[in-house]
Amino acid sequence: MTHFSYTDKANKQGDILVVPVFDKPGDAAVSRMVDDRLGGAVAHAVNTDQNFKGKAGQTLVVPAPADSGYKKLILLGLGSGKAMDSLRAETIGGKLHGAVSATGMARVTVLADDFRGDTASLAADLANGFLLKSYRFDKHKSNAPAAPAYNIDIIQDNPCPARERFDQLAPVSAGAFLARDLANEPPNVLNPETMALRVLSSVTPLGVSVEVVREDDMKAQGMGAFLAVGQGSNAERRPRMVVLRYNGTGDEKSRPLALVGKGLTFDTGGLSLKQNMSNMKFDMGGAAAVAGTMAALAGRKAKVDVVAILGLARNDIGPDAYCVDDIVTAMNGKTIDIQNTDAEGRLVLADCLTYVQRHFKPHTVIDLATLTGACKAALGSTMCGVFSNDNRLSKRIQNSGVKVGERSWPLPLGEEFTKAIKGTYSDLVNVGAGAPGASTAAAFLQEFIEGATKWAHLDIAGVANGVSGHATMPDKIGTGFGVRLLNQLIIDHFEKKPKAQPTPALKAQ
Ligand code: BES
Ligand code: MN
Ligand code: ZN
């Protein structure tokens with residue numbers, strides 16, 4: 001656990017004093033002022049260490065002066081004073097976590113009185129970056145050392161605005177942590193049923209309503225594509241669809257935004273068995289991100305109406321598993337020839353997309369899915385693919401993602417991909433012949449978008465796990481990618497802005 005306090009009174013003692021330094025340390029008013037109090041220790045450290053230039057996120061750990069009340073000083077590079085923005089402050093906070101954790105100490109004071117910008121907001125972003133990077137998943141280690149209980153004091157002349165900003169950020173980070181926790185859990189712990197129950201118990205207390213739809217209901221609704229994927233699983237791993245609703249506007253009749261997540265708690269490939277299925281527990285990363293987003297929105301009381309669908313199943317092998325050459329009928333009546341049981345995500349999503357549009361009439365649908373190895377091959381692990389029938393929506397997703405360090409890159413839909421998924425015996429085939437895999441998968445999903453519904457599909461196969469060296473994401477394990485992106489997109493474009501307060505002058509009239 002990490003605890004942050006925002007205060008105007010620096011504790012005169014602790015383990016570590018963090019002194020922010022701009023990239024021309026000599027010019028930095030903040031360090032000069034502070035340095036007088038520290039007997040010139042900062043200037044001395046900067047002059048002695050040739051490598052420390054105050055670049056953004058660069059740190060230098062030196063012993064603190066004996067009479068300072070601290071054991072160590074950490075000089076924390078802020079980069080140049082000009083380009084300081086929220087993402088950079090967060091990145092620096094993530095780097096600070098690295099330096100602090102290496103000391104093994106826990107009581108930290110950060111002098112955050114001047115970041116040459118919206119200092120209050122940037123201080124909160126820095127704290128949030130520290131928080132995001134502090135994530136651990138050690139619960140299945142029998143001898144893991146306890147996570148350090150960090151106590152971080154953020155010092156500001158007027159600490160209230162920073163605390164208020166942090167109170168908006170922390171629920172979003174909690175949402176990302178929920179997504180990471182779900183994703184990292186092994187498949188013998190997390191199956192469709194246990195995942196549904198965990199999501200339910202995590203988000204219900206926040207004010208999200210949760211309905212778990214079971215197979216009988218799904219059958220009655222004609223969800224033959226989704227059910228086919230889960231039909232080979234044993235009794236404790238049967239498919240589930242979770243419907244989450246968050247009504248933050250108070251308007252019960254407004255059309256919602258819809259989020260849909262692929263939630264394969266494990267993907268063996270089915271009878272088209274995968275050669276290497278290590279890490280396929282992360283095939284529920286889309287559903288985890290969607291659940292985390294709902295937690296984030298409810299946690300910070302966002303003024304927006306969102307419905308979310310988690311398509312939860314296992315893609316297993318066995319006598320009852322669906323078979324290559326099977327023809328199944330989706331909820332919208334389209335028939336699908338199964339030519340590869342490993343192209344299962346699109347089948348689950350197809351019925352979730354129909355379901356959410358028929359039941360909730362959303363104006364916009366955004367789905368997240370670890371859908372194709374092709375997308376990972378194309379874009380690597382620093383950005384996801386974005387496909388959309390609405391260029392403005394696609395651009396908005398890209399721009400909002402940049403702000404929070406969850407980037408996406410546009411990939412095409414089009415006639416050639418749609419053609420490649422037309423069936424010989426059926427309306428559709430679940431794999432596209434001779435066309436790029438990420439685009440044919442997206443074109444398949446597009447077959448399930450109705451009328452004028454705006455839609456975007458994020459293929460997160462490359463970013464849901466296996467990232468390395470990111471400032472605020474953990475290495476290797478589940479990243480929670482998507483929570484912060486969707487939350488930022490909603491802030492930027494879907495959330496009702498609070499009414500501007502009338503100015504005192506107007507009020508008086
Ligand atoms: N879950 C996989 C996609 C995936 C691959 C995610 C690697 C993360 C890392 C998906 O269900 C899948 O198997 N897709 C196939 C589709 C193919 C059979 C058309 C793929 O990408 O190979
Ligand atoms: Mn698969
Ligand atoms: Zn899959």
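**An eight-stranded sheet and a zinc site**

In this predicted model, eight strands form an open sheet in the order S7-S8-S10-S9-S13-S17-S14-S15, and their pairing is mixed. The edges are strand S7 (209-213) and strand S15 (407-410), each of which pairs on one side only. On average, neighbouring strands of the sheet are turned by 20° against each other, direction ignored. Strands of a sheet pair through backbone hydrogen bonds, in either a parallel or an antiparallel manner. An antiparallel example is given by strand S14 (residues 383-388) and strand S17 (residues 454-459), which are joined by four bridges. Within this pairing, Phe 387 has His 457 of S17 as its bridge partner.

Two helices may be considered against this sheet. Helix H12 (residues 391-404) lies across strand S13 (364-369), S14, S15 and S17, and runs at about 150° to S15. Helix H15 (residues 483-494) lies across strand S9 (257-267), strand S10 (305-315), S13 and S17; its direction is at about 165° to S13.

Ser 394 offers a local view of helix H12, in which it is located. Is this residue buried or exposed? Ser 394 counts as buried, because its relative accessibility is 6%, below the 20% limit for that class. Its side chain makes a polar contact of 2.9 Å with the side chain of Gln 398. Apart from neighbours within four places in sequence, Ser 394 is in contact with Val 386, Ser 388 and Pro 410.

The metal site brings strand S9 back into view. The zinc ion (ligand 3) is coordinated by Lys 262 through NZ, by Asp 267 and Asp 283 through OD, and by Glu 344 through OE, at 2.0 to 2.4 Å. Along the chain, these donors follow the spacing K-x4-D-x15-D-x60-E. Why is the arrangement around the zinc ion octahedral? The reason lies in the angles of 77 to 172° that its six donor atoms subtend. For six octahedral donors, the ideal angles are 90 or 180 degrees.

Asp 267 also bridges the zinc ion (ligand 3) to the manganese ion (ligand 2), and the two ions lie 3.1 Å apart. Because Asp 267 belongs to strand S9 while Glu 344 belongs to the loop between strand S12 (335-337) and helix H10 (345-360), the pair ties together parts that are 77 residues apart in sequence. Asp 267 is buried, with a relative accessible area of 3%, and Glu 344 is likewise buried, at 1%.

Key: Residues are numbered from 1 along each chain as its sequence is written. Chains are lettered from A and ligands numbered from 1 in the order in which they are written. This is a predicted model: local features need pLDDT of at least 70, side-chain atom pairs count only at pLDDT 80 or more; totals for chains, interfaces and linings use all residues. Side-chain values use heavy atoms; hydrogens and water are left out. Two strands pair if DSSP finds at least two bridges between them. Axes are lines fitted to C-alpha atoms, for helices over the stretch in contact, and angles run from 0 to 180 degrees between N-to-C directions. Contact means heavy atoms within 4.5 Å. Donors are N, O and S atoms within 2.8 Å of the metal (3.2 Å for Na, K and Ca); water is not among the atoms, so sites may look incomplete. Four donors count as tetrahedral if all angles lie between 85 and 135 degrees; four count as square planar and six as octahedral if opposite donors are over 155 degrees apart and all others between 65 and 115; anything else is irregular. Buried means under 20% relative accessible area, exposed over 50%, partly exposed in between (1.4 Å probe, protein chains only). A polar contact is a pair of N or O atoms within 3.5 Å; within protein, one must be able to donate a hydrogen and the other to accept it, and residues adjacent in sequence count only if both atoms are side-chain atoms.
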